[in-house]
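Here's a quick tour of a model you can spin around while you read. Keep the viewer open and follow along.

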Amino acid sequence: MAPQLQLGALAPGPLPNSTEVYPPTRPGLAAQGAEVYRSLGCAQCHTRAVRQTQALYGARLNEVGNSPNTLLLPGLGGSDPKPVNLDLLLALATIRPDLTIAPLPLPPALVGDTNIVARLKQFADNVALLKRNDTKVGINRPTSGPSVNDLAGKLPAAVFERVSIEAGERAVKYLSDAGAKAELTFYNLGPDIERGWGARRTVAQDYVNDSPVLLGSVRVGPDLASLATRAPEKFAAPWKFASTNTAAEFERHLLVHLYNPRVLAKDSTCPSAGYLFNKQKPEIRAAGEPLTVPGTDAPVFPKHEARALVAYLLTQRVDTGVAEAPVPSAPKAVPAAAPKAPMKP
Amino acid sequence: MAAKFWNVGVTVGVLGILAGDASGHDLLEFPLYASLPLIASYVCIAAWALLALHRRAEREMYVSLWFVGAGLLWFPWIFATAQSLLLGWQVTGVVQAVVAGWFGQNLLQIVLTGSALAVLFYFVPKIVNRPLANPGLTRAGFWLLLLIGGWGGLAQLASVPAWIPAVSGAANFLVLVPVASLLVSLWQTVDGKVVEAWRANVTFRFLLVAAGLLLLSVLRTAFLGGQSTQYTFFATARTDIVLLGVFGLSALGALLHIVPRLTTGEDELPSVGLTDLVFWTSLLGVVGVAAGYSLAGLVQADVNMNVTRDFLKDGIVASAERWMELNLSAFGYLKLVTAGYAALTVAALAFLANFGLAVRRCFVACCGGAR
């Protein structure tokens, strides 16, 4: 009884900050495809459940921000004046002892600006203080290599990746105190997620629209919970989108897999569903596009069931975050080059 | 009559699955139109059996009757509950998976294992010609099995609240206690006469193997039946060990005892050679299926947890073509399973032939030939 009391009243619910409901109802063709999926026994070999072994955190620097020590310095990495937050550089240097601190030369145009000269002098003193402190606590800061200046120069920047929540929150606090805009990021981890089978673990909420709920119990084939979001290079036989019409290509790819799985992946043990295809063009008007199977000459015509099954598979996406299993948000712009090795502070 | 109805229901169910009407839930694949006659006929069978039990002359019930009675009450309960919650008034979302897993566990651990234990407790004391050594321990084992047995089976379920697999995993461990106490009670009964009984009685051989497989199945589920082997053939192996090994072998052993006595009243089936063939092929078959699926499951589990290994090549293909560290395209773990099923087919055919001979012998004895 307890599972029913806890989960029986689950219903599709609104997503936070959006008018959408999750999970959405399947369109008609995909709903018919769910019946084909059950009827053919796909669930005997495919699971639809993504596992996650752990979640780790990170800190992302989004904006340099404004602090009393933000200076507009020309001639750094370009001719335009660029805001440089001296406090942020110090904060970054404190939390990332594996990075060097490049000295900030006084631009010749600003030699007369007493305000800036004083601030840069203060910065140099602070750096010296930090370095002395490093020696005191035994930190061996490298003298060459990537510097905190580089890290802050290309935003958004991943300051930390895959660290504990304490380390991530500490970094965000340091950066925010320096006036910068930083956010805590997180990483869903586990072999399933790294195989590209989904962005997060699956939860009970994902299945409230399904009936029967076919989670599957053995993986003779890959997990299908998030098949529609799987990148082409994450398939058993990696492939590439040839055009921008990725949806049509994905559909064609899945139809070929249904017709003969060995065409795409030589070692696949999936049984062929060739009976879902007509060899001759059927006499009905809604025959649909013929399918050209690589390696064969004559095109085949997918039956309604084949198209329904593919439509169902294309609704399999686990890329929407829910309260109990969030999905990492993508950085707002192109992310900066991440540090090579994740490190512990 | 009810039994015939049952067979009709099973036939309809198998045809329904082939026609694409499978329900999709493990161990509950029959469509609703096949399940309804099954429930109806089983209720009839159980009702008459319980009536007969009620009107027994000997008021003191023996252990085997406990297990038979429990099975008779248990199966209609779990079957009707699961069918009505899955195919009738459908519950929402993953509760369906929980219900299906609960049914499968109760079917395997209580109904089928219970039937096997009924056979064991009936024949083992009878064959060694001793009374049951430890009735108190047996009684405790029986009640604990009923209490704990049904809780396992959900240890590998994902996408449900974490307490469900956790409780289930604990139950998988706890069930070692009743199974061990029941087997200890049997062992105390046969102690010292095992070799003698093995040589003298073919039914005893089947029962000894079935008891060993029962211990093996609960041990492997308790120690390896958690997250580590989730979604691998390891769990498939468990179903086959209980169904074919524990239940199948003990039922076959019982049939080898019952059939000759029921037909002509003799002690043995007509062909001793065929009986031996049935034993060795079914033993090889069950061991092949169990070992093949379990080892393939361990290979798969390793690949599942290690993202650097290729899912298809290192997992599925390798478990079909690998034996320990050797690469043998002709003989891998999964091919061992196929060989095991082939051996079981030989065993079934050999038993059928022997059964046919027994029926013929019966006809010859009764009416001078089947003319």
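Which residues of α6(A) are buried? In this predicted model, they are A:Gly168, A:Ala171, A:Val172, A:Tyr174 and A:Leu175. These residues cover an arc of only 160 degrees around the axis, so they sit on the same side of α6(A). The cover over them includes β3, α3 (86–95), β6 and β7 of chain A.

As for the helix itself, α6 takes in residues 165–177 of chain A and lies across β3, β6 and β7 of that chain, running at about 10 degrees to β3(A). A sanity check on its length works out: at 1.5 Å a residue, the 13 residues of α6(A) should span 18 Å, and the end C-alpha atoms are indeed 18 Å apart. After α6(A) comes A:Gly179, with a positive phi near 90 degrees.

Now for the sheet under discussion. It's an open one with 3 strands in the order β6-β3-β7 (chain A), and the pairing is antiparallel. Because β6 (157–163) and β7 (181–189) of chain A stand at the edges with a single partner strand each, one side of each has no neighbour in the sheet. From one strand to the next, the twist averages 20 degrees. Strand β3 (residues 54–63) of chain A pairs with β7(A) over 9 bridges, in the antiparallel sense. If you want a spot to zoom in on, A:Tyr57 stands opposite A:Phe186 in β7(A).

Next, the nonpolar cores. The largest one has 146 residues, and the members that touch the most others are A:Leu309, B:Val94, B:Val98, B:Ala116, B:Leu120, B:Leu207 and B:Ala210. Helix α4(B) supplies the largest share of this core, 22 residues. Apart from it lies another core, of 31 residues, including A:Tyr57, A:Leu92, A:Leu99 and A:Val163.

Two chain B residues are worth lining up by their contacts, leaving aside neighbours within four places in sequence.

| Residue | In contact with |
|---|---|
| B:Val91 | A:Gln4, A:Gly8, B:Leu85, B:Gln96, B:Val99 |
| B:Leu120 | B:Leu186, B:Leu207, B:Ala210, B:Ala211, B:Ser250 |

Where is B:Val91 placed? You'll find it in the loop between α3 (63–88) and α4 (95–128) of chain B. Is B:Val91 buried or partly exposed? It has 19 C-beta neighbours inside 10 Å, and being buried takes 20 or more, so B:Val91 counts as partly exposed.

Key
Residues are numbered from 1 along each chain as its sequence is written. Chains are lettered from A and ligands numbered from 1 in the order in which they are written. This is a predicted model: local features need pLDDT of at least 70, side-chain atom pairs count only at pLDDT 80 or more; totals for chains, interfaces and linings use all residues. Two strands pair if DSSP finds at least two bridges between them. Helices (H or I, at least four residues) and strands (E, at least two) are DSSP runs, numbered from the N terminus. Axes are lines fitted to C-alpha atoms, for helices over the stretch in contact, and angles run from 0 to 180 degrees between N-to-C directions. Two residues are in contact if their C-beta atoms, placed from the backbone, lie within 7 Å. The expected span of a helix is 1.5 Å times one less than its number of residues. A residue is buried if 20 or more other C-beta atoms lie within 10 Å of its own, exposed if 12 or fewer, and partly exposed in between; C-beta atoms are placed from the backbone. The arc is that of the directions from the helix axis to the C-beta atoms. A nonpolar core is a set of buried Ala, Val, Leu, Ile, Met, Phe, Trp, Tyr and Cys residues joined through C-beta atoms within 7 Å.
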